[in-house]
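Subject: Structure handover

Hi,

Here is the structure for you to load. My notes on what turned up in it follow below.

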Amino acid sequence: MRHLLLILILCVYQLGIAQTDSLVTGQKMDQSFDHAYQFKYKKLIVPSVFIGYGILSLTSDDLKQLNRSTQYEIGEHQPDKIKLDNYTQYVPAILVYGLNAIGLKGKHNLKDRSIILGTSLLISSAVVLPTKHLVREERPDGSNNLSFPSGHTTTAFTTAHFMFREYQDENIWLSLSGYPIAVFTGVYRILNDKHWVGDVVAGAGIGILSTEVAYWLFPKVSKLFSKDHSKNSALVYPFYQNKTMGLGLSLNF
């Protein structure tokens, strides 16, 4: 389980990269908004490391042994299985909307941040769902062959990185607060015997990368909704149906 702490360490590194970029452009505040959407190779480092680790865990004997030893340790301690991870994956995104509602404004208004969040969730789903069916890795509990990568962890880090990007210039510590929630989600996917360590680490990488891509694409995607600002609106909302909780995206033209 100690290996999962690397997620927080590398997320802090990601924070340092972003803050350095902000300082470099701090003297040109009129250009800082556009700067947020520029492609940066160094922002690929953290998600690439995570995804690379996850892929290696599918073939490396040493990492497979780590998966098995982690499962064995969990089985020995028999921790209580809770289902909070079904809900905590959405908490960072909900916090962003809640904080904006009480006056702690992020980088974007309601419409724009909804477009970004919706784009990031679509990208992550487009990666995770086909990959699960292509890889067909058996879950630790043997329930099915859709273990790699962890969809819950992907969503958790998608929303946590969304929170980071929205508040990184306004409040550094607030922007970072979504990551522990995402790590909690990933840890409990392992404790609940639903995923291997590699599944969770790969999911974290996919989530972070999906949000980064959504921000890079935002200037182009936003043009699809900018023809008539008076009639366009966007809203992301949580939903619960048939014992499944998720986020919905509503766009009005």
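Start with phenylalanine 39. This residue is partly exposed, because its relative accessible area is 42% and the partly exposed class runs between 20% and 50%. Bear in mind that this is a predicted model.

**Aromatic pairs**

The whole structure contains 6 aromatic pairs. In one of them, phenylalanine 39 meets tryptophan 216 edge-to-face. Their centres are 4.7 Å apart, and the planes make an angle of 65°. The two partners come from distant parts of the chain, 177 residues apart. Phenylalanine 39 sits in the loop between helix H2 (29–35) and helix H3 (45–57). Tryptophan 216 belongs to helix H11 (residues 197–221). Is tryptophan 216 buried or exposed? Its relative accessibility is 15%, so tryptophan 216 counts as buried. One aromatic cluster takes in Phe39, Tyr41 and Trp216.

Another pair joins phenylalanine 164 and tyrosine 179. Here the geometry is tilted, with 5.9 Å centre to centre and 45° between the planes. Phenylalanine 164 is in helix H8 (residues 151–167) and tyrosine 179 is in helix H10 (residues 178–191), so the contact ties together parts 15 residues apart in sequence. Both rings are buried: phenylalanine 164 has 1% relative accessibility, and tyrosine 179 has a relative accessible area of 1%.

**Around tyrosine 215**

Which charged residue sits over the ring of tyrosine 215? It is arginine 165, whose charged end lies 4.4 Å from the ring centre. Tyrosine 215 is part of helix H11. This tyrosine is buried, with a relative accessible area of 0%. A second arginine is worth a look here. Arginine 113 is 102 residues from tyrosine 215 along the chain, yet their C-alpha atoms are separated by 9.6 Å.

**Overall make-up**

The protein chain has 253 residues, and 47% of them are buried. There are 11 helices and 2 strands. Going from the N terminus, the helices are followed by the two strands, in the order α-α-α-α-α-α-α-α-α-α-α-β-β.

**Annotated spans**

An unreviewed UniProt entry lists residues 172–191 and 197–218 under "transmembrane region". How does the model treat them? Residues 172–191 are 95% helix and 0% strand. The end C-alpha atoms of that span are 30 Å apart. Residues 197–218 come out as 100% helix and 0% strand. For this span the end C-alpha atoms lie 32 Å apart.

**Cavities**

How many cavities of 30 Å³ or more does the structure hold? There are 2. The largest encloses about 50 Å³. Its lining consists of Asn67, Thr70, Gln71, Ile74, Pro140, Ile190, Asp193, His195, Trp196 and Val197. Helix H4 (residues 61–77) gives the most to that lining, with 4 residues. By type, the lining splits into 5 nonpolar, 4 polar and 1 charged.

**Where to look**

For a quick tour, open the edge-to-face pair of phenylalanine 39 and tryptophan 216. Then move to tyrosine 215 with arginine 165 over its ring. Finish at the largest cavity, with Asp193 and His195 among its lining residues.

Best wishes

Definitions and conventions: Residues numbered from 1 in each chain as written. Predicted model: local features only at pLDDT ≥ 70, side-chain atom pairs only at ≥ 80, totals over all residues. Heavy atoms only, no water. UniProt positions renumbered as here; feature names shortened; annotations may be inferred. 1 Å grid on protein atoms, 1.4 Å probe; cavity = no way out; pocket = protein on both sides within 12 Å on 5 of 7 lines; lining within 4 Å. Points joined across faces, edges and corners; volume = space filled by probe spheres on them. Nonpolar A, V, L, I, M, F, W, Y, C, P; charged D, E, K, R; others polar. Phe/Tyr/Trp six-rings, centres within 6.5 Å; stacked < 30°, edge-to-face > 60°. Buried < 20%, exposed > 50% of the residue type's maximum accessible area, 1.4 Å probe, protein only. Lys NZ or Arg CZ within 6 Å of the ring centre and 35° of its normal.
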